[in-house]
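Student: Please take a close look at the part of this model that the database record annotates. I should also like a brief account of its setting beforehand.

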Number of protein chains: 2
Amino acid sequence: MASPNTTTTTTSAAAAPGSGRGALRLLRSRLPFAAAARPGGRPATALRATAPPAAPELVEQSVNTIRFLAVDAVEKAQSGHPGLPMGCAPLGHVLFDEFLRFNPKNPAWFDRDRFVLSAGHGCMLQYALLHLAGYDGVTMDDLKAFRQWRSRTPGHPENFETAGVEVTTGPLGQGFANAVGLALAEKHLAARFNKTDLKIVDHYTYVILGDGCQMEGVSNEAASLAGHWGLGKLIAFYDDNHISIDGSTDIAFTEDVLARYEALGWHTIWVKNGNTGYDDIRAAIKEAKGVKDKPTLIKVTTTIGFGSPNKANTYSVHGSALGSKEVEATRSNLHWLHEPFHVPDEVKRYWSHHIDEGASLEAEWNAKFAEYENKYHQEAAELKSIVSGELPSGWDNALPTYTPESSPDATRNLSQHCLNSLAKVIPGFLGGSADLASSNMTLLKMFGDFQRDTPEERNIRFGVREHGMGAICNGIAVHSPGLIPYCATFFVFTDYMRAAIRLSALSESGVIFVMTHDSIGLGEDGPTHQPVEQLLSLRAMPNILMLRPADGNETSGAYKIAFLNRKRPSIIALSRQKLPQLKGTSVDAVSKGGYIISDNSSGNKPELIVIGTGSELEIAERAADELRKEGRTVRVVSLVCWELFEEQSEKYKESVLPSEVTSRISIEAGVTFGWEKYIGQKGKAIGIDRFGASAPAGKIYKELGLTVGNVIAAAKAL
Amino acid sequence: MASPNTTTTTTSAAAAPGSGRGALRLLRSRLPFAAAARPGGRPATALRATAPPAAPELVEQSVNTIRFLAVDAVEKAQSGHPGLPMGCAPLGHVLFDEFLRFNPKNPAWFDRDRFVLSAGHGCMLQYALLHLAGYDGVTMDDLKAFRQWRSRTPGHPENFETAGVEVTTGPLGQGFANAVGLALAEKHLAARFNKTDLKIVDHYTYVILGDGCQMEGVSNEAASLAGHWGLGKLIAFYDDNHISIDGSTDIAFTEDVLARYEALGWHTIWVKNGNTGYDDIRAAIKEAKGVKDKPTLIKVTTTIGFGSPNKANTYSVHGSALGSKEVEATRSNLHWLHEPFHVPDEVKRYWSHHIDEGASLEAEWNAKFAEYENKYHQEAAELKSIVSGELPSGWDNALPTYTPESSPDATRNLSQHCLNSLAKVIPGFLGGSADLASSNMTLLKMFGDFQRDTPEERNIRFGVREHGMGAICNGIAVHSPGLIPYCATFFVFTDYMRAAIRLSALSESGVIFVMTHDSIGLGEDGPTHQPVEQLLSLRAMPNILMLRPADGNETSGAYKIAFLNRKRPSIIALSRQKLPQLKGTSVDAVSKGGYIISDNSSGNKPELIVIGTGSELEIAERAADELRKEGRTVRVVSLVCWELFEEQSEKYKESVLPSEVTSRISIEAGVTFGWEKYIGQKGKAIGIDRFGASAPAGKIYKELGLTVGNVIAAAKAL
């Protein structure tokens with residue numbers, strides 16, 4: 001199905017010939033007033049956009065400044081990775097100074113080009129560039145505090161520590177896949193919002209990746225998708241330095257990388273001399289920008305640790321300080337006879353042009369946006385919501401609610417109602433599944449597929465690539481505060497994408513992970529497909545919400561929480577099998593993490609508390625009913641989200657789980673490990689402390705003891 | 001460094017021209033007595049090895065038998081995946097009947113060809129073939145019990161349930177990477193043990209993978225390594241049926257797969273008609289066997305659900321029963337007018353030749369081995385140990401021991417002593433790191449690198465491919481009971497390989513995961529590299545041992561446990577930083593999982609118990625010493641392996657953690673989640689319930705409160 005904006009479908013593909021700075025000039029000619037839109041911003045036409053690159057000597061000075069800032073910072077910290085910054089400084093200089101469009105005084109400016117250092121260990125390259133370019137987030141003091149407690153220059157780039165760093169990298173391959181997500185977001189938004197007379201979304205995504213990133217499977221997954229989607233504004237630089245930690249890459253990595261990327265649908269270029277071939281680097285980037293229908297991989301052959309007479313081109317320069325002697329030898333070799341952390345005045349002066357230029361770029365865009373708002377009121381409002389991250393008021397009214405009389409249903413189906421209801425009201429909501437859309441029930445029915453020629457659509461088809469999917473969603477999430485990506489697979493396959501989930505949590509990317517088939521309840525597919533330890537293991541991860549709703553109201557409640565938590569990702573575990581709508585559940589109670597769904601006691605003193613989650617909450621409730629018939633006072637608690645429950649006041653927690661009541665039973669179709677926290681040492685945890693089995697779901701539940709009868713027996717034994 | 005067997009280095013590369021059955025005939029001509037070695041085995045020369053394939057009509061009958069066994073089993077179970085078996089039945093027939101060398105009555109025969117169904121959902125193909133081929137593990141009753149409780153025909157192939165199934169598959173891409181491990185094992189053993197006159201190790205590894213496997217990053221990692229290593233006896237069939245769960249693969253997978261594999265160093269062949277092109281399949285396999293220096297990918301284009309008039313070539317035949325109507329339509333379409341589960345007599349008779357043939361194959365090999373043993377006594381003893389899995393007596397005497405006076409050292413270094421000591425005495429021990437050998441300290445110094453031209457060596461260079469590494473090691477482990485693979489990376493990157501670790505646990509592959517840099521103690525690399533939740537999350541996984549030794553003796557103890565547990569993998573978490581050799585630790589006590597390392601109380605009644613693991617055990621001990629100086633009675637417990645401790649008798653557990661003593665403190669550089677189990681509700685857990693930070697290790701320990709002072713303060717507060 002088509003989105004409301006199909007008229008703009010092809011605008012991205014048909015981008016103006018000289019996009020980037022060229023396109024900027026083009027736009028300026030139509031918007032002469034733009035430059036004045038921001039006080040203090042000089043017209044960009046007067047700036048370097050029309051000027052040639054800096055004189056060769058100045059470029060060389062700038063490049064050596066970058067190299068030695070890295071060398072000196074690592075030396076001071078006695079820890080870090082000087083090799084990549086020394087090798088990639090020429091590329092870094094050319095890219096940041098001559099191509100990248102940004103406003104250093106507003107790193108969050110929406111239409112900036114995105115830059116990702118996927119080889120995150122080389123972060124001193126990025127810090128040095130951000131410093132020279134005038135970002136306030138990286139001062140000289142910050143550079144000197146490299147890798148120190150609470151500094152803004154941690155050992156790998158962290159978006160939550162350093163303004164100007166787009167994503168958190170270090171675990172190899174992730175940043176590259178994030179970049180694919182950033183480029184997807186641009187292509188999607190451009191297709192939705194650009195008009196033939198106003199290209200309001202128009203930026204590139206650049207990423208530097210190393211040999212390590214290339215070896216990781218996640219990068220192949222993401223590259224295959226980028227090629228499939230034809231992400232023409234994604235430009236990746238492969239720092240081909242032939243050295244990894246174990247020595248020459250020849251010992252483990254002899255494939256033909258460029259041929260592989262060509263097979264994946266990429267345009268490829270090889271810059272054979274990345275050490276001094278400035279013009280080759282420039283030409284490659286220009287060529288890449290000219291290729292509109294494919295992403296481009298530019299292999300840049302560099303020398304790791306360039307300039308170090310005794311350590312260049314060896315693994316010893318990869319991840320250790322050079323040592324004072326070799327630092328001196330390198331200084332002398334590169335004729336850099338300055339104090340540590342020296343930035344020559346002419347280099348400083350030269351780079352300062354980015355401050356005015358950045359301000360002008362943003363001012364022009366602001367003016368353009370003002371015109372856009374004027375002409376295209378509704379689209380502008382949607383885009384604003386995406387840029388700001390503000391959810392439309394009353395959005396949560398879209399969430400369905402249920403009564404006990406509503407039909408039983410699998411929570412994966414109830415989830416689909418939420419997804420589809422929210423898609424109507426949240427402009428930045430998009431996502432998809434790793435080839436399980438029809439099992440995960442994640443299709444947004446009002447939209448078509450995000451594809452090469454229909455990028456305005458919102459159903460993303462990730463193929464069987466869970467890890468790439470997660471990392472791409474992290475990239476989408478950090479592109480704009482109002483982009484809310486979801487992604488889906490079977491819950492057990494969180495194991496395939498755990499590194500991406502962790503980075504989502506660490507980097508505060510509010511991705512929504514929709515994980516169906518959340519227990520042995522999936523039945524016959526057997527133990528390879530049945531999660532048992534995943535619930536607990538993800539509850540243990542910091543800064544992420546692990547939600548396991550029991551029915552329709554809790555599913556809606558889980559989505560409400562997930563959408564509200566924009567700096568904390570959520571995992572929603574959903575059943576394959578049908579579940580009844582329970583009496584005591586509610587949408588809003590989910591925000592407490594744990595709450596009473598039924599109780600026949602008084603004075604906060606039941607004889608027994610039965611705690612359940614998800615599909616086992618029903619079993620808890622049925623067992624409680626039986627016990628109540630026998631005259632017992634029993635409370636049933638839904639512990640839908642442990643993290644949220646832990647955040648409640650002691651008073652509230654005590655009101656749900658009074659410490660006096662030590663007769664407690666938990667029931668959950670997963671390992672019992674961790675439940676001691678809630679049932680105490682006298683309680684009984686009913687769960688599955690083994691792998692599952694292949695059989696019909698009901699049979700497995702029975703054989704593994706997840707039954708009403710077992711809860712009752714445990715209650716009597718307590 | 002060279003192994004003792006360098007004289008055989010090149011035998012594998014210079015395999016006899018007609019290997020496989022051709023080579024068998026060749027060998028037989030030199031060993032006329034071999035055929036008589038096993039009673040009842042007819043000379044293989046009289047068998048089908050010299051005969052042409054079955055007559056075309058019989059082949060067609062056999063293929064339809066396979067198709068309908070799959071259709072009928074799925075229909076009976078009302079669950080399963082008929083599409084792949086229906087499409088791949090021709091390939092399955094040709095491969096199993098005409099090429100695969102096996103003995104159905106001894107599925108464990110060492111020199112059998114290995115077959116892996118990486119697209120494990122199509123397991124009815126494998127079960128039908130195993131049944132026809134005469135494996136006792138898959139009877140007609142087993143086929144009828146497909147996907148039922150306790151059947152030997154679970155929903156995905158499980159090596160621990162079904163004799164004849166080599167590895168457990170289902171999670172996509174894994175089986176393919178396992179196959180790379182199986183082929184690596186063959187190449188390694190062949191290079192070590194074959195003599196120019198006696199090829200005692202000589203078999204192929206075949207694997208079928210689907211579109212889903214191809215999309216997964218893990219398969220690219222494994223394929224890149226297989227190409228790098230030149231695994232010429234690995235033959236992979238890519239079932240190119242163009243359909244995955246979400247429909248046509250065009251929606252997410254448009255790369256040129258064969259070109260990608262060529263870039264990875266593979267030989268590639270395309271069989272365009274996999275539905276009826278039997279001769280093309282035969283020719284492709286013959287061609288693949290002729291390519292000695294590269295693995296081969298044979299893309300076999302098939303129609304998913306071949307024969308189903310209304311569902312073939314659609315996703316609806318992928319993972320659901322056809323439905324009785326469509327089953328009938330398919331029967332009629334393929335002229336298969338039999339009852340469900342019918343195996344025509346002529347098909348049965350035809351396949352029965354494999355029983356004698358298999359017996360002869362093994363008998364010949366046994367005879368060959370007898371000759372080998374006679375001529376090459378020492379090598380035969382080593383190979384026997386690898387084939388049987390019996391560890392050499394006294395092997396554990398090789399493990400180093402320490403006294404408190406021994407130098408402090410990082411447990412990663414102490415681990416290296418273990419690895420190197422054990423490599424000398426365990427013939428089947430080999431492994432490596434994902435490009436961190438010099439950080440993980442995992443090089444076996446007496447050996448060189450396993451590489452294309454030095455496959456007899458034992459240091460495997462996996463490159464930055466954690467997931468592929470884990471899955472490849474699973475394959476090595478299941479190749480032979482005495483092959484003990486280890487693999488290494490930073491502990492936090494277990495997240496990249498978690499799916500492989502889980503399959504290691506599920507499939508009872510005793511891989512040893514050597515995981516260094518096991519906490520914030522790694523310092524400046526920061527939170528992306530600092531595990532905090534990994535310890536707990538892996539403790540939650542069934543059938544795996546999570547060991548975290550505190551010093552030299554515990555490290556040796558951890559390795560002892562890991563080597564003894566051949567059906568249960570071990571993860572050994574090791575420190576980057578130096579640790580003292582503690583007084584109360586011991587090699588043997590590790591087998592208890594938890595034990596007292598110091599105590600100044602009597603009568604099993606200390607005032608306080610401090611429990612620690614790994615690098616924090618020292619802090620626990622120092623805090624206890626301080627408290628003891630103040631007159632308190634304090635016990636310090638090392639909880640080096642929770643799983644082993646849980647397996648001890650109640651009496652033993654009570655002797656270590658008496659329930660009467662409720663003043664308990666735990667200290668561990670990870671999340672505190674889960675520690676309630678041991679400290680109870682009155683205890684205090686000192687840990688890290690957040691992500692780490694980039695700073696020198698000592699500083700982070702202090703800032704995050706993992707200090708002697710904090711333990712003492714907690715003790716006083718209790």
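Tutor: Over all chains, the structure holds 0 disulfides, a disulfide being a pair of cysteine sulfur atoms within 2.5 Å. This is a predicted model, in which local features need pLDDT of at least 70 and side-chain atom pairs count only at pLDDT 80 or more, whereas totals for chains, interfaces and linings use all residues. Residues are numbered from 1 along each chain as its sequence is written, chains are lettered from A and ligands numbered from 1 in the order in which they are written, and side-chain values use heavy atoms, with hydrogens and water left out.

For Cys418(A), the closest cysteine sulfur belongs to Cys641(A) and lies 16 Å away, too far for a bond. Cys88(B) is likewise in no disulfide, the sulfur of Cys213(B) being the nearest at 11 Å. Cys418(A) is buried at a relative accessible area of 1%, and Cys88(B) is buried at 1%; buried means under 20% relative accessible area, exposed over 50% and partly exposed in between, for a 1.4 Å probe and protein chains only.

As to the assembly, chain B superposes on chain A by a rotation of 180 degrees with 0.0 Å of shift along the axis, at an RMSD of 0.0 Å. That is the relation of a two-fold axis; the fit is by least squares on the C-alpha atoms of residues with pLDDT of at least 70 in both copies. The copies meet through the same surface, because 100% of the interface residues of chain B are also interface residues in chain A.

The annotated part comes from an unreviewed UniProt entry, whose "binding site" covers His121(A), Gly170(A), Pro171(A), Leu172(A), Gly212(A), Asn241(A), His318(A) and Phe493(A). These positions span 373 residues of sequence and are also spread in space, up to 34.1 Å between C-alpha atoms. UniProt positions follow the numbering used here, feature names are shortened, and annotations may be inferred rather than shown by experiment.

His121(A) lies in the loop between strand E1 (114–117) and helix H4 (123–133) of chain A. Helices (H or I, at least four residues) and strands (E, at least two) are DSSP runs numbered from the N terminus. His121(A) is buried at 14% relative accessibility. Beyond its neighbours within four places in sequence, His121(A) has contacts (heavy atoms within 4.5 Å) that include Leu172(A) and His318(A).

Gly170(A) occupies the loop between helix H5 (140–144) and helix H6 (174–193) of chain A and is buried at 5%. With neighbours within four places in sequence left aside, Gly170(A) is in contact with Ser118(A), Gly120(A), His156(A), Thr528(B) and His529(B).
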